[in-house]
Amino acid sequence: MRSKNSHKENVALITQRHPRSAVAEAYRTLRTNLGFASVDHACRSILVTSPGPEHGKSTTAANLAIVLAQAGQKVLLADCDLRKPDIHRLFSLDNAAGLTNTLIQGRDPVELAHPGPVKNLTVLTSGPVPPNPAELLGSDRVRSLWPQLLERFDSVIIDTPPVLAVTDSVLLSRQIDGVILVVSAGVSRVEVIQQAKEQLAKASARIIGVVLNKVKIPSRDYHYYYDYHRDEEQEKIRF
Ligand SMILES: Nc1ncnc2c1ncn2[C@@H]1O[C@H](COP(=O)(O)OP(=O)(O)OP(=O)(O)O)[C@@H](O)[C@H]1O
Ligand SMILES: [Mg+2]
């Protein structure tokens, strides 16, 4: 169910709202690069995280899920940020029930999920925030959730909290094929990025890419990036 819209939320889903923009093109490049990263190792479940807060994890997860769905993949976007869930807000969805109802009450995640704004996209919001997110996300029930979902979807994209703030994303990274680390241009210090990478490496997570987010494109250069692609992308990509 959709709740009331706000302008800010819709602009964040730029790949849906402005598919011909330079930013949407950058998300499609990310999609292509993920295909290259998956040549030797199937990567159907992807966790999106960052060293610290507000680097753009939720925005990246949402737009990546949209561009994968636009390319014909059946995609589930799941909000595993049980501290500060945001996916329902970005998609203007009701969050009365979601992932936590699946984990605590054993309810079918697909029945609780919402159709996304583009074909092939399904969105599982967080559900009510629990008192013990790390315990819940490290449980056997979560571990068994991903194989079940991958029977029904081509890809599962997971939004999570920051690596250096809480253990949730590191716990989850062990269960997931690949991790995308989002870092904010001009904000993330190299040592902090390195620390986040080490935390993930300790858990044997597979970092498949780093997104440098919030890069400013000078307005005089914008026309080079805009509208330089085919109208429709026909091919279905798999990785
Ligand atoms: N590429 C971008 N360009 C400009 N603004 C952006 C970009 N990506 C994200 N933002 C903005 O930055 C803010 C934080 O983004 P977002 O909520 O995606 O980050 P987050 O890492 O998920 O944050 P949190 O740690 O709170 O979960 C939002 O206002 C979002 O609209
Ligand atoms: Mg977020």
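**Buried sites and salt bridges in the predicted model**

Asp168 counts as buried, at 0% relative accessibility. The model analysed here is predicted. Asp168 nevertheless has a charged partner: its side chain meets that of Arg83 in a salt bridge, 2.7 Å from N to O. Asp168 lies in helix α10 (residues 168-173) and Arg83 in the loop between β2 (75-79) and α5, so the pair ties together parts that are 85 residues apart in sequence. Arg83 is partly exposed, with a relative accessible area of 39%. The bridge thus joins a buried acid to a partly exposed base.

The structure holds seven salt bridges in total. Side chains of opposite charge can pair when their charged atoms come close. Two further examples are described here.

Asp108 pairs with Arg152, with 3.3 Å between the closest N and O atoms. Asp108 sits in the loop between α6 (99-105) and α7 (109-112), and Arg152 in helix α9 (residues 140-152), so this bridge ties together parts that are 44 residues apart in sequence. Both partners are partly exposed. Asp108 has a relative accessible area of 25%. For Arg152 the value is 37%.

The bridge between Arg28 and Glu25 is set within one helix. Its closest N and O atoms are 2.9 Å apart. Both residues belong to helix α3 (residues 22-37) and are three residues apart, about one turn of the helix. Arg28 is buried, with a relative accessible area of 5%. Glu25 is partly exposed, at 24% relative accessibility. The cut-off for burial is under 20%, so Arg28 falls below it and Glu25 does not.

Ile87 provides an uncharged buried site. This residue is located in helix α5 (residues 87-90). Its relative accessible area is 0%, and Ile87 is therefore classed as buried. Beyond residues up to four places away in sequence, Ile87 touches Ser58, Leu77, Asp79, Val123 and Asp159. Thr59 is 28 residues from Ile87 in sequence, yet the C-alpha atoms of the two are 8.4 Å apart in space.

Cysteines were also examined. The structure holds zero disulfides. Cys43 is buried, with a relative accessible area of 0%. Cys80 is buried as well, at 1%.

Terms used
Residues are numbered from 1 along each chain as its sequence is written. Chains are lettered from A and ligands numbered from 1 in the order in which they are written. This is a predicted model: local features need pLDDT of at least 70, side-chain atom pairs count only at pLDDT 80 or more; totals for chains, interfaces and linings use all residues. Side-chain values use heavy atoms; hydrogens and water are left out. Helices (H or I, at least four residues) and strands (E, at least two) are DSSP runs, numbered from the N terminus. Buried means under 20% relative accessible area, exposed over 50%, partly exposed in between (1.4 Å probe, protein chains only). Contact means heavy atoms within 4.5 Å. A disulfide is a pair of cysteine sulfur atoms within 2.5 Å. A salt bridge is a side-chain nitrogen of Lys or Arg within 4 Å of a carboxyl oxygen of Asp or Glu.
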